[in-house]
Amino acid sequence: MIWGKSIGTGYGAPSILGDRLVFHHRVAGEEIVECLDALTGKSLWHYNYPSKFIDPYGYNNGPRATPLLVSNLCYTFGAEGKLTCLELANGKLVWQRDTGFDFNVPEAFFGVGSSPILEDNKLVVVVGGQPNSGLVAFDLKTGKTIWESVGRTNWEGRPMIGWPGERTVKWQSTEKQASYSTPVAATIHGRCQILCLTRQGLVSLNPTNGAVNFSFWFRAQVPESVNAMNPIVVDDLIFISAAYYKIGSVLLRVKPDGKDVEEVWRNPVLEIHWSTPIYKNGYLYAFSGRNEPDARFRCVELKSGRLMWDREESWPHHSSEQPSVFGRGSCILADGKLFALGEGGLLGIFKPNPEKLEEICRCQIPQLHHPCWAAPILSNKKLYLRSEDHLVCLDLAK
């Protein structure tokens, strides 16, 4: 280990640009955006603002989203919906928006958890406002609203696919829109679009003006559920998945005009909670399962949904801070290998092989414990790992 640091609570991963690392955490009654020297862990600056967020289900009260670093600017999205822009060099406030107030956002289940993205020189954010502010684009330098889209207009009357009967959407003014999925920008059939797995399902937007290309209903049949994985795009195919109440996964094919999709397959072979599968050479590698006793590590063929291999990673609910299994972990792909961080701080390296599970090595990171729900971050041969209250930097060069 190069360095380690005790930090405030939160679930979002750090972000790195050059030699600067920025993470977002909560200490007492404040959310803190903090910048470190990525090589030494030395604090360079921090920006604090008050937060009264209390998780209604008893999880920690820290921010859930990951900072976005762009040139000399840093963007963060707090648990209460405070969208903040800071100067990366010194942490000076450029602008801040209270999206919960500005866009009439119904209270989310677990606070705000989707990260902002940069697309078409705009900051695109899952705000979740009513009636048609599910996604909002902001000016990067001023925070002014450029466009807002998604909600009653595109969902009203749409078929509730996968639900019993010939049901269609009847929009409610209290309907929650925000999910915990971060938007994905992709080019499909030569057209750039923003794909977002909202609470109601998948939407495709024109990044220039926010116009909706298509909407596809995808959510569990009970209110107590969320969508959290990021869509995976391969050519004209889009994979989405969720873990609540056996909703499972769907592979969609975008039609040539880019205005609709068709189902390729649907089954519960993967039930993805908060992580995003890794795609490589036709196969998905992912941790599946809603809760600790459901956890599996699986490889699935993308185009068919066929299960290639499966390993149980389950452990009794809240039974240990450092279980001997990965549980519901997160992966990244680097140097032809899968780097997996288990939710209790178990770090593993795997060879992505669809024929069999090949584990190269594993080790428990002593400083980390459940919940480790942020994906690993790799930069300049340094691996950065976060648990609920600790951040470590490991050297992978040797």
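**Salt bridges, ring pairs and the nonpolar core**

In this predicted model, a salt bridge joins the side chains of Asp 102 and Arg 97, with 2.9 Å between N and O. The two partners sit in different surroundings: Asp 102 is partly exposed, at 36% relative accessibility, whereas Arg 97 is buried because its relative accessible area is 17%, under the 20% limit for that class. This bridge belongs to a total of 18 salt bridges found in a search of the whole structure. Another of them pairs Asp 55 with Arg 64, whose closest N and O atoms are 2.6 Å apart; here both Asp 55 and Arg 64 are buried. Glu 301 and Arg 306 also meet through their side chains, at an N to O distance of 3.6 Å, and Arg 306 is partly exposed, with 45% relative accessibility. Elsewhere, salt bridges link Arg 311, Glu 313, Glu 359 and Arg 362 into a network.

Aromatic residues offer a second set of contacts, with 23 aromatic pairs in the structure. One of these brings together Tyr 57 and Phe 110, whose ring centres are 5.1 Å apart; their planes meet at 50°, so the pair is tilted. Tyr 57 belongs to the loop between β5 (43-50) and β6 (68-70), while Phe 110 belongs to the loop between α1 (99-102) and β10 (117-119), so the pair ties together parts that lie 53 residues apart in sequence. Tyr 57 is partly exposed, with a relative accessible area of 46%. A further pair is formed by Tyr 75 and Trp 95, with ring centres 6.1 Å apart and planes at 50°, so this pair is tilted too. It links distant parts of the chain, as Tyr 75 is in strand β7 (residues 73-77) and Trp 95 is in strand β9 (residues 93-98), 20 residues apart. Both of these rings belong to buried residues: Tyr 75 has a relative accessible area of 0%, and Trp 95 has a relative accessibility of 6%.

Tyr 57 and Phe 110 are also members of a cluster linked by ring pairs, together with Tyr 11, Tyr 59, Phe 109, Tyr 180, Trp 274 and Trp 373. The ring of Phe 109 has a charged companion as well, since the charged end of Lys 176 sits over it, 5.2 Å from the ring centre. In a similar arrangement, the charged end of Arg 290 sits over the ring of Tyr 245, at 4.9 Å from its centre.

Lys 176 turns up again around Gln 200, a residue in the loop between β15 (191-197) and β16 (201-205). Although placed in a loop, Gln 200 is buried, at 0% relative accessibility. Its side chain makes a polar contact of 2.7 Å with the side chain of Glu 175. Beyond four places in sequence, Gln 200 touches Trp 155, Trp 171, Glu 175, Lys 176, Gln 177, Phe 216, Trp 217, Phe 218 and Arg 219.

Phe 216 and Phe 218 lead on to the largest nonpolar core, which has 30 residues. These two phenylalanines are among the residues with the most contacts inside the core, alongside Leu 202, Ile 238, Phe 239, Ile 240 and Leu 270. Two or more residues each come from β14 (184-188), β15, β17 (212-217), β18 (232-234), β19 (237-242), β20 (248-254), β21 (261-267) and β23. Strand β19 gives the largest share, five residues. Around Leu 270, leaving aside neighbours within four places in sequence, the contacts include Phe 239, Leu 284, Ala 286 and Val 300, and also Arg 298.

Two further positions show how parts of the chain come together. Gly 128, in strand β11 (residues 122-129), is buried at 1% relative accessibility. The C-alpha atoms of Gly 128 and Ser 179 are separated by 7.8 Å, with their positions 51 residues apart along the chain. Among residues over four places away in sequence, Gly 128 touches Val 105, Pro 106, Ser 133, Gly 134, Gln 177 and Ala 178. Asn 281, by contrast, is exposed, at 63% relative accessibility, and is found in the loop between β22 (278-280) and β23 (283-288). From Asn 281 to Pro 354, the C-alpha to C-alpha distance is 9.3 Å, although the two residues are 73 residues apart in sequence.

Technical notes
Residues numbered from 1 in each chain as written. Predicted model: local features only at pLDDT ≥ 70, side-chain atom pairs only at ≥ 80, totals over all residues. Heavy atoms only, no water. Phe/Tyr/Trp six-rings, centres within 6.5 Å; stacked < 30°, edge-to-face > 60°. Helix = DSSP H or I, 4+ residues; strand = E, 2+ residues; numbered from the N terminus. Buried < 20%, exposed > 50% of the residue type's maximum accessible area, 1.4 Å probe, protein only. Lys NZ or Arg CZ within 6 Å of the ring centre and 35° of its normal. Polar contact = N/O pair within 3.5 Å; in protein donor to acceptor, adjacent residues only side chain to side chain. Contact = heavy atoms within 4.5 Å. Core = buried A, V, L, I, M, F, W, Y, C linked by side-chain atoms within 4.5 Å. Salt bridge = Lys/Arg side-chain N within 4 Å of Asp/Glu carboxyl O.
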